[in-house]
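User: I should like to learn how to read pockets, cavities and ligand contacts in a structure. Could we work through an example together?

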Amino acid sequence: MASTNPDRRLFLSMGASAAATLGIALVPAAAAEQTAGGTPLKIGIIGAGREGGALGTLLVKAGHPVMFSSRHPEALMGLVAGLGPLATAGTVAQAVDFGDVVMIVVPYTAMQQIGRDYGPALAKKAAVIDVSNPIAGRDGADFVKSVAEQGGAGLATAKMLPGARIVRGFNAISYMKLAADAHRSGEPVGVPIAGDDKDAVAIASALIRQMGFEPVLVGGLAMGKYLVPGTALGGEHTPAEIRKIAAGLG
Ligand SMILES: NC(=O)c1ccc[n+]([C@@H]2O[C@H](COP(=O)([O-])OP(=O)(O)OC[C@H]3O[C@@H](n4cnc5c(N)ncnc54)[C@H](OP(=O)(O)O)[C@@H]3O)[C@@H](O)[C@H]2O)c1
């Protein structure tokens, strides 16, 4: 792909891994081009539970090196052993350091602490994919109300991770459905996404396609409040259904 930007040419010729080895944050536009072109990106996953484990598995199958993380990484050895050499396990700090892209898949109550501990590092990532949801039954009604008062999941995540290139996605497709839905025959399952940074949206979109789904941008991060279970966009829909539902929101 032709590019007149010398930084882009440099990073594209170096590749994501080489840039990371040299301790250079990957330029988001270059990362977007690399991913769209099918070049692997290093993905760090914070929260390798049910949903994070299933999403990371799809990313490995798509050919990306993935570091799954836990506050107890030894508990992830079985998961990564079954996924082959592209999968590794580490601490949360190691996964943040590893990833050109970081996926956050934790109870939403943990986001504040993740922002405090890793906010500056996450702000340097090409994209931060936020899969986490505030859920009253798990996190408490008062907590969910306070997130809503900040504009909902999306704007609240941006407040807790200042400067990060956030894209919400995969928020309401069950971990139990991901493997069967990926690359299904016929019309693909749509994944509604919301984000303000166009390069991060391009990266997330390319990754979602490679994982076997069709991304549908429903709007900026403010629309992230609809990307939670229990809204009309929750669950599995075709891309056309998502566009139709999203047109009635906002
Ligand atoms: N389950 C689904 O089908 C589904 C679908 C879409 C979205 N989601 C959303 O995804 C998120 C995770 O759901 P889940 O069902 O995967 O939960 P889960 O199985 O309980 O996994 C949560 C993970 O978060 C990690 N975690 C918790 N607090 C953390 C902290 N302070 N710092 C770093 N990591 C922390 C835990 O890691 P360690 O304890 O190992 O450190 C654990 O692996 C939720 O917000 C949920 O709403 C879930």
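User: Which atom of E51 is 2.9 Å from an oxygen atom of the ligand, a backbone atom or a side-chain atom?

Analyst: This is a predicted model. In it, the atom of E51 that lies 2.9 Å from a ligand oxygen is a polar backbone atom. Two further pairs involve side chains. R71 places a polar side-chain atom 2.8 Å from an oxygen atom of the ligand, and an N or O atom in the side chain of R138 is 3.3 Å from a ligand oxygen.

User: How many residues surround the ligand, and which are the closest?

Analyst: The ligand is surrounded by 23 residues, and the closest are R50, E51, S70, R71 and V106.

User: How should I read empty space in a protein, and what is the volume of the largest pocket?

Analyst: The general idea is that a probe the size of a water molecule, rolled over the atoms, shows where empty space is left. Here the largest pocket holds about 810 Å³ of space. Its lining consists of 31 residues, with E51, V105, V106, P107 and R138 lying nearest the centre. The elements that contribute two or more residues to this lining are α4 (50-61) and α7 (111-122).

User: What classes of residue form the lining of the largest pocket?

Analyst: The lining of the largest pocket comprises 17 nonpolar, ten polar and four charged residues.

User: How many cavities of 30 Å³ or more are counted, and what lines the largest cavity?

Analyst: A cavity differs from a pocket because the probe fits inside but cannot get out. Two cavities of 30 Å³ or more are counted. The largest cavity has about 60 Å³ of space. Its lining residues are G169, F170, N171, A172, I173, V191, P192, L227, L233, G234 and G235, which divide into seven nonpolar, four polar and no charged.

User: Which residues line the second largest cavity?

Analyst: The second largest cavity, with about 30 Å³ of space, is lined by M103, I129, G169, F170, L207, I208 and M211. By class, this lining has six nonpolar residues, one polar and no charged.

User: Finally, why is T91 classed as partly exposed?

Analyst: Exposure is read from relative accessible area, and partly exposed lies between the cut-offs of 20% and 50%. T91 is partly exposed because its relative accessible area is 31%. T91 sits in the loop between β3 (87-90) and α6 (92-98).

User: Which residues does T91 touch beyond four places away in sequence?

Analyst: T91 touches S69, S70 and P73. The C-alpha atoms of T91 and S70 are 5.4 Å apart in space, although the two residues are 21 residues apart in sequence.

Notes:
Residues numbered from 1 in each chain as written. Predicted model: local features only at pLDDT ≥ 70, side-chain atom pairs only at ≥ 80, totals over all residues. Heavy atoms only, no water. 1 Å grid on protein atoms, 1.4 Å probe; cavity = no way out; pocket = protein on both sides within 12 Å on 5 of 7 lines; lining within 4 Å. Points joined across faces, edges and corners; volume = space filled by probe spheres on them. Helix = DSSP H or I, 4+ residues; strand = E, 2+ residues; numbered from the N terminus. Nonpolar A, V, L, I, M, F, W, Y, C, P; charged D, E, K, R; others polar. Buried < 20%, exposed > 50% of the residue type's maximum accessible area, 1.4 Å probe, protein only. Contact = heavy atoms within 4.5 Å. Near = heavy atom within 4 Å. Polar contact = N/O pair within 3.5 Å; in protein donor to acceptor, adjacent residues only side chain to side chain.
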